[in-house]
Amino acid sequence: MYRPAVVRDRRRVCLEPWVIGLITFISLIVLAVCIGLIVHYVRYNQRKTYNYYSTLSFTSDKLYADFGREASKNFTEMSHRLESMVSNFPSTSRTFAVTFYHSFYQEKHGVLAHMLLICKFRTTEDPKTVNKTVQRVLHEKLRDAAGPPKVDPESVEIKKINKTETDNYLNNCCGTRRSKPTGQSLRIIGGTEVEEGEWPWQASLQWDGIHRCGATLINATWLVSAAHCFRIYKDPARWTVSFGVTLRPMKMKRGLRRIIVHEKYKYPSHDYDISLAELSSPVPYTNAVHRVCLPDASYDFHPGDEMFVTGFGALQNDGNSQNHLRQVQVTLIDTKTCNEPKAYNGAITPRMLCAGFLKGKKDACQGDSGGPLVSADVRDIWYLAGIVSWGDECAKPNKPGVYTRVTAFRDWITSKTGI
């Protein structure tokens, strides 16, 4: 059936000039108010960083040697106790945030703690007021704190330091990073590239200028890597070490003075797959190059812990190395599971650990050997848990990556390097 078109009245509606003016005026007022609120919100919530260096004396029922090592369990516990004493600064206006880094030195009547306080205040706060607030609150917190340790509030000294001094302090602490992981990684096989400073302890071992293995900086003159990296290539003079997130251009370069392979490593066995390499000269610590923390032999990593493995290795089995450093987040797998018949059928020894996923897809690969598997503690300090060692190809189901267990060789590392 035919439906006639609906005819609408198209006569134009005209507004009086004064109405148009009023609407425009009101719109401008609303816009101005919105802009003002946004500017106020941004300005009020922007933060400015204030850095302070502080020392304080305390006594404890523990011997200095129990927590004098910066990566030891007792060091972490002592750091937590001191942090709990001076944390939770009063901030009714929510203007204050603080991060702590510590080092401890023995003195005649106790221990001297050195602390870096990184404080963030809103930019609306007066700098002089900020300084007075930090000084006052730190003393009050220590005065009212319940030990142990027993702290002398009168011993506290605090001074404001600049960014360069702060960087120097942080770079001399093990396991600290300036950058955070960039999003959720896929895998080194096709995974994500990292930014400068994310993994500052990563090194590339290069034979005649060609990348062969990864390594990890454990102090200014020593690297730890895999023994199998030096199985054929033994002459230190032909090895070079580069630092930074790219092989070309490199951030820093060194030669090798000597190589130490574990005495019990016997190819083709994967057991005792650990080596040490001494640099020809020390590297200066920077934001982009500094050391990881070595865990004590008693340090516990637990199945299910999230870790990161990094390297310049191949994107597929038997592929070529990459110019840019990559990262992958993996999960620590218990040895019993890894030793099941469908996995490695009993090949995992107490000196090894597995990390990855039983479903595969995420893994290290050729060229990543010798590189670091690291894990952060609750203070976001990073520890070397493993060394990339071996695996059945790359990223296969039920064949996770196998790593040298660093805690099993902690005493051996000390015996060779003094670290």
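## Disulfides in the predicted model

A disulfide is a pair of cysteine sulfur atoms within 2.5 Å. By this criterion the structure, which is a predicted model, holds four disulfides. When the bonded cysteines are counted along the chain, the disulfides follow the pattern 1-4, 2-3, 5-6, 7-8.

Three of these links are described below, each with its position in the chain, its handedness and the burial of its cysteines.

## The link between Cys 174 and Cys 293

Cys 174 and Cys 293 are joined by a disulfide in which the sulfur atoms are 1.9 Å apart. The link of Cys 174 and Cys 293 is right-handed, with 85 degrees about the S-S bond. Cys 174 lies in the loop between α5 and β6 (192-193), while Cys 293 lies in the loop between β12 and β13 (306-311), so the pair ties together parts that are 119 residues apart in sequence. Both Cys 174 and Cys 293 are buried.

## Two left-handed links

Cys 213 and Cys 229 also form a disulfide, with their sulfur atoms 2.1 Å apart. The torsion about the S-S bond of Cys 213 and Cys 229 is about -100 degrees, and the disulfide is therefore left-handed. Cys 213 belongs to strand β8 (residues 210-217), and Cys 229 to the loop between β9 (222-225) and β10 (239-243), so this pair ties together parts that are 16 residues apart in sequence. Cys 213 and Cys 229 are both buried.

A further disulfide joins Cys 338 to Cys 354, with an S to S distance of 1.9 Å. The link of Cys 338 and Cys 354 is left-handed, with -90 degrees about the S-S bond. This pair links distant parts of the chain: Cys 338 is in helix α6 (residues 335-338) and Cys 354 is in strand β15 (residues 352-356), 16 residues apart. Cys 338 and Cys 354 are each buried.

## A cysteine outside the disulfides

Cys 173 takes part in no disulfide. The nearest cysteine sulfur to Cys 173 is that of Cys 174, at a distance of 7.4 Å. Because the cut-off for a disulfide is 2.5 Å, a separation of 7.4 Å does not qualify. Cys 173 has a relative accessible area of 9% and is buried.

## Salt bridges

Side chains of opposite charge can pair when their charged atoms come close. A search of the whole structure finds eight salt bridges.

One of these salt bridges brings together the side chains of Asp 167 and Lys 163, with an N to O distance of 2.8 Å. Asp 167 and Lys 163 both lie in helix α5 (residues 163-171), where they are four residues apart, or about one turn of the helix. Are these partners buried or exposed? Asp 167 has 14% relative accessibility and therefore counts as buried, whereas Lys 163 is exposed, with a relative accessible area of 56%.

## A network around Glu 278

The side chains of Arg 257 and Glu 278 meet in a salt bridge with an N to O distance of 4.0 Å. This pair links distant parts of the chain, with Arg 257 in strand β11 and Glu 278 in strand β12 (residues 275-279), 21 residues apart. Arg 258 forms a salt bridge with Glu 278 as well, and the closest N and O atoms are 2.6 Å apart. Here too the pair links distant parts of the chain, since Arg 258 is in strand β11 and Glu 278 is in strand β12, 20 residues apart. Salt bridges that share partners thus join Arg 257, Arg 258 and Glu 278 into one network.

The three residues of the network can also be described by their accessibility. Arg 257 is exposed, with a relative accessible area of 51%. Arg 258 counts as partly exposed at 38% relative accessibility. Glu 278 is buried, with a relative accessible area of 15%.

## Arg 254, a buried residue without a salt bridge

Arg 254 is found in strand β11 (residues 252-261). Which side chain of opposite charge is nearest to Arg 254? That side chain is Glu 278, which is 12 Å away, and Arg 254 is buried yet has no salt bridge.

A polar atom of the Arg 254 side chain does, however, lie 3.0 Å from the backbone oxygen of Pro 282. Leaving aside residues up to four places away in sequence, Arg 254 touches Thr 240, Val 241, Leu 279, Ser 280, Ser 281, Pro 282, Val 283 and Pro 284. Pro 282 thus appears both among the residues that Arg 254 touches and as the residue whose backbone oxygen lies 3.0 Å from a polar atom of the Arg 254 side chain.

How values were computed:
Residues numbered from 1 in each chain as written. Predicted model: local features only at pLDDT ≥ 70, side-chain atom pairs only at ≥ 80, totals over all residues. Heavy atoms only, no water. Buried < 20%, exposed > 50% of the residue type's maximum accessible area, 1.4 Å probe, protein only. Lys, Arg positive; Asp, Glu negative; His and termini not counted. Polar contact = N/O pair within 3.5 Å; in protein donor to acceptor, adjacent residues only side chain to side chain. Contact = heavy atoms within 4.5 Å.
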